[in-house]
Amino acid sequence: MKIRVELKQYLDQYSPSGGDNAFDYEIADGATAWDLIRKLGVPQELASVMTIGDDATDGTRVLT
């Protein structure tokens with residue numbers, strides 16, 4: 001599935017689009033927010049605050 005990802009500016013270096021903080025990303029159906037963080041190579045300690053839409057998540061939420 002394709003999702004829209006927006007990283008905070010301090011995480012731009014983990015963007016596959018060359019440093020843009022907002023980009024479209026292809027990820028497997030059923031993937032969680034933590035799966036996305038791992039695929040992007042973001043260290044877990046830097047991903048302490050995550051939101052999906054307007055909702056805060058602990059990372060176990062399935063992306064849709």
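## Two paired strands

Two strands pair if DSSP finds at least two bridges between them. Strands here are DSSP runs of E with at least two residues, helices are runs of H or I with at least four, and both are numbered from the N terminus. What you're looking at is a predicted model, where local features need pLDDT of at least 70, side-chain atom pairs count only at pLDDT 80 or more, and totals for chains, interfaces and linings use all residues. Residues are numbered from 1 along each chain as its sequence is written, and side-chain values use heavy atoms, with hydrogens and water left out.

Now for the pairing. β1 and β2 (residues 22-26) run antiparallel and are joined by 5 bridges. Pick out Val5 and you'll find that its bridge partner in β2 is Phe23. For Arg4, the partner in β2 is Asp24.

## Two faces

In a regular strand the side chains alternate between the two faces of the sheet. You can follow this along β2: Phe23 and Tyr25 point to one face and are buried, while Ala22, Asp24 and Glu26 point to the other and are not. Buried means under 20% relative accessible area, exposed means over 50%, and partly exposed is in between (1.4 Å probe, protein chains only). Phe23 has a relative accessible area of 4%, and Tyr25 has 14%.

β1 has two faces as well: Ile3 and Val5 make up the covered one, and Lys2, Arg4 and Glu6 the uncovered one.

## An aromatic pair

How many aromatic pairs does a search of the whole structure find? It finds 1. The ring centres of Phe23 and Tyr25 are 6.3 Å apart and the planes sit at 75 degrees, so this pair is edge-to-face. For the cut-offs, rings of Phe, Tyr and Trp (its six-membered ring) pair if their centres lie within 6.5 Å; planes under 30 degrees apart count as stacked, over 60 as edge-to-face and the rest as tilted.

## Buried spots in the loops

Leu7 sits in the loop between β1 and β2 and is buried at 9% relative accessible area. Skipping its neighbours within four places in sequence, Leu7 is in contact (heavy atoms within 4.5 Å) with Asp12, Tyr14, Ser15, Asn21, Phe23 and Leu40. Leu7 and Ala47 are 40 residues apart along the chain, with 9.7 Å between their C-alpha atoms. Ser15 lies in the loop between β1 and β2 too, and is buried at 8%. Not counting residues up to four places away in sequence, Ser15 touches Leu7, Asp20 and Phe23.

Over in the loop between β2 and α1 you'll meet Thr32, which counts as buried at 15% relative accessibility. Leaving out its neighbours within four places in sequence, Thr32 has contacts that include Gly59, Arg61 and Leu63.

## The largest pocket

The largest pocket holds about 670 Å³ of space. On a 1 Å grid over the protein atoms alone, a pocket is an open set of points with protein on both sides within 12 Å along at least five of seven lines, and lining residues have an atom within 4 Å of a point. Its volume is the space filled by probe spheres set on the points, which are joined across faces, edges and corners.

Which residues lie nearest the centre of the largest pocket? Of the 21 that line it, they are Val5, Glu6, Met50, Thr51 and Ile52. The elements giving two or more residues to this lining are β1 (2-6), α1 (33-40) and β3 (50-52). By class, the lining has 14 nonpolar, 4 polar and 3 charged residues. Here Ala, Val, Leu, Ile, Met, Phe, Trp, Tyr, Cys and Pro count as nonpolar, Asp, Glu, Lys and Arg as charged, and the others, Gly among them, as polar.

Definitions and conventions. On a 1 Å grid over the protein atoms alone, a cavity is a set of points where a 1.4 Å probe fits but cannot get out, and a pocket is an open set with protein on both sides within 12 Å along at least five of seven lines; lining residues have an atom within 4 Å of a point.
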